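This report looks at nonpolar packing, cysteines and a surface patch. The structure comes first.

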Amino acid sequence: MIEQLKRSSSSSSGPRRELIVGLNKYSHDTAICVVEAATGAILFAAEKERLTRRKHDGGPVDDLVAHALDCIDDASLEDVVLCVQK
């Protein structure tokens, strides 16, 4: 999934959007928040259990990151300038 995002992002054109990704990864409740670096506007926030429909879902976050970027217009993995995790 991540490789697919890398390939699709290399073909996009236009101004680069800078995103910051926050992950709560080391918990039984994995979550993500994506904000625009320039304005601090929240573009996407969700818990992994909402995507998988499994209560207190933790573990790998690659599908969660891919889903978050898919939900943001014209966002790709190359747009992420900072990733923080707890």
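## Nonpolar residues, inside and out

L82 sits in strand β4, which spans residues 80-85. The model is a predicted one. L82 is partly exposed, at 43% relative accessible area. With V81 and V84, L82 forms a nonpolar patch on the surface. Together the three residues have about 230 Å² of accessible area.

Now the interior. In soluble globular proteins, nonpolar side chains tend to be buried together. The largest nonpolar core here has 13 residues. Within this core, L23, I32, V34, F44 and V65 touch the most other members. Three elements give two or more residues to the core: β1 (19-24), β2 (31-36) and α3 (62-71). The biggest share comes from α3, with four residues.

F44 deserves a closer look. Leaving aside residues up to four places away in sequence, F44 touches I32, C33, V34, H67, A68, C71 and I72. Two of these contacts, C33 and C71, are cysteines. Are C33 and C71 buried or exposed? The table gives their values, with L82 alongside.

| Residue | Relative accessible area | Class |
|---|---|---|
| C33 | 25% | partly exposed |
| C71 | 42% | partly exposed |
| L82 | 43% | partly exposed |

Core members must be buried, under 20% relative accessible area. C33, at 25%, is partly exposed and therefore falls outside the core. C71, at 42%, is also partly exposed, so C71 is left out as well. How many disulfides does a search of the whole structure find? The search finds zero.

Terms used. Residues numbered from 1 in each chain as written. Predicted model: local features only at pLDDT ≥ 70, side-chain atom pairs only at ≥ 80, totals over all residues. Heavy atoms only, no water. Core = buried A, V, L, I, M, F, W, Y, C linked by side-chain atoms within 4.5 Å. Buried < 20%, exposed > 50% of the residue type's maximum accessible area, 1.4 Å probe, protein only. Contact = heavy atoms within 4.5 Å. Disulfide = S-S within 2.5 Å. Patch = residues over 30% accessible without salt bridge, like charges linked within 9 Å, V, L, I, M, F, W, Y side chains within 5 Å. Areas by Shrake-Rupley, 256 points an atom, 1.4 Å probe, with all protein chains shown as cover. Salt bridge = Lys/Arg side-chain N within 4 Å of Asp/Glu carboxyl O.
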